[in-house]
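Let's take a walk through this one, starting with a single helix and working outward to the whole chain. Have the structure open and follow along.

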Amino acid sequence: MQNHQNQTSSSSSSQSTSSQCPESQPSDHFLAVSVTDPVKLGNGVQAYISYRVTAKTNSPDYLGTEKIVIRRYSDFVWLRDCLFERYKGVFIPPLPEKSAVEKFRFSAEFIEMRRQALDMFVNRIASHPELRLSDDLRLFLQADEKTMERARAQEMGIFMKNPADLMQIFKDVQSKVSDVVLGKEKPVEESTPEYEKMKNYIFELENHLAEAQKHAYRLVKRHRELGQSLSDFGKSIKLLGACESDSLGKAFSELGGKSEVLSTKLQMEAHHLLMNFEEPLKDYVRAVQSIKATISDRTTAFKQQCELAEMVKLKEINLDKLMLTRSDKVREADREFRELKAESEEATKRFEAMVRLMDEEMARFQEQKTADLGLAFHELAKGQARLASSMSEAWRSLIPKLEACSTT
């Protein structure tokens, strides 16, 4: 494989992160991204795949009309995590899962599936009306490898916490759950009819998509197994035909040859099914899981605003008491009340903004899902019709020759 260093152009060493949401770009600005040329680097447990990421744009926010950088899977994870932390309420596109099985991790098929999924991931971001303006995306598409490495090292949030911190978070959550179960604390939950309807739909959609993807996997597997069986059958029949010198031997030889041809067609169709039907279904299972993560964030935001509102009420009651007694603590209590009230109002604004964003995101998701799954099922039907036609034609062409043998 070629070294990526011969394929890349120079990249900027630093990027401005002064604003996550610059002014909207004019509609005639475009951003097209491609993820290509996967290359295995390193050996053993240190081995990984790098990708050539090419961005083409006419936006003045970028350092030129075309930029080529080298990225690895962890860079895509960094981008996903940054966007998830900064854009609350937005459905962040999903990433393909990381294979832990060594023998599959570097297979040609797995690498191509990973490349295709990463290409889809970054293009969904590049086409999103808000995410495409992100400083994190510009950094990802332009920074050199050392700058990206520093950015990953500086990443904040739960993704970079050490094991002790994560264990404490787990204990805190476990304690909260226990309090709710034992009745020590009442769960604070948003329960509007519209929100409940959306949540139920998402959870049902995940189950149905996962079931469909499971059967798509079995369909791919069946095609491969049938292809392998036809290949083995074809070889054995050709050997059988070689033992015969008359028309029967010739007919057997042709039967074996047709079987091997059909075996190849089945294997090709299995790969087509995998890439154009099973993988899109799997991608939407991941997309729904990403939406569930946003729902979880919304639950946290709702709880936070409720808790702050309750604290404001308590602070106000305490302030009223101090004012009645003309306590010297009135000024300090009033300051705390005003600060907490401002924080509560800000939390409410954040929650309301998240609700509006999720409504917009849901409409966008439904539209995109209809197009993507419609295409996936169209590819399924088209591929199956093509395969059935090829198999029917191949078997039909053998019938006269086999009939001639059976009547002699």
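Lys146, Glu149 and Ala153 are the exposed residues on the face of H5 that is turned away from its buried side. Keep in mind that you're looking at a predicted model. Now spin round to the other side of H5, which spans residues 145-153: the buried residues here are Thr147, Met148 and Ala151. Looking down the helix axis, those buried residues of H5 fall within an arc of 100 degrees, so they line one face of the helix. The spacing makes sense, because an α-helix has 3.6 residues a turn and residues three or four places apart point the same way.

So what sits over the buried residues of H5? The cover includes strand S3 (66-72), helix H1 (73-86) and helix H4 (135-142). While you're here, check the start of H5, where Asp144 has a side-chain oxygen within 3.3 Å of the backbone nitrogen of Lys146. Lys146 is also one of the exposed residues on the outward face.

Next, hop over to strand S1 (residues 31-41) and pick out Ala32. Is Ala32 buried, exposed or partly exposed? Its relative accessibility is 37%, so Ala32 counts as partly exposed; the window for that label runs between 20% and 50%. Leaving aside residues up to four places away in sequence, Ala32 touches Thr54, Ala55, Lys56 and Asn123. Asn58 is worth a glance too: Ala32 and Asn58 are 26 residues apart in sequence, and their C-alpha atoms are 9.8 Å apart in space.

Time to zoom out. The chain has nine helices and three strands, and reading along the sequence gives β-β-β-α-α-α-α-α-α-α-α-α. Of its 408 residues, 38% are buried. If you take contacts between residues at least 6 apart in sequence, 75% of them join residues at least 24 apart. As for the surface, the chain exposes about 23800 Å², with carbon and sulfur atoms supplying 55% of that.

Finally, have a look for holes. Searching the whole structure turns up two cavities of 30 Å³ or more, and the largest cavity holds about 50 Å³ of space. Its lining is made up of Met113, Gln116, Ala117, Met120, Glu279, Pro280, Asp283 and Arg286. Helix H3 (108-127) and helix H8 (247-324) are the elements that give two or more residues to that lining.

Conventions
Residues numbered from 1 in each chain as written. Predicted model: local features only at pLDDT ≥ 70, side-chain atom pairs only at ≥ 80, totals over all residues. Heavy atoms only, no water. Buried < 20%, exposed > 50% of the residue type's maximum accessible area, 1.4 Å probe, protein only. Helix = DSSP H or I, 4+ residues; strand = E, 2+ residues; numbered from the N terminus. Arc of directions from axis to C-beta. Contact = heavy atoms within 4.5 Å. Polar contact = N/O pair within 3.5 Å; in protein donor to acceptor, adjacent residues only side chain to side chain. Areas by Shrake-Rupley, 256 points an atom, 1.4 Å probe, with all protein chains shown as cover. 1 Å grid on protein atoms, 1.4 Å probe; cavity = no way out; pocket = protein on both sides within 12 Å on 5 of 7 lines; lining within 4 Å. Points joined across faces, edges and corners; volume = space filled by probe spheres on them.
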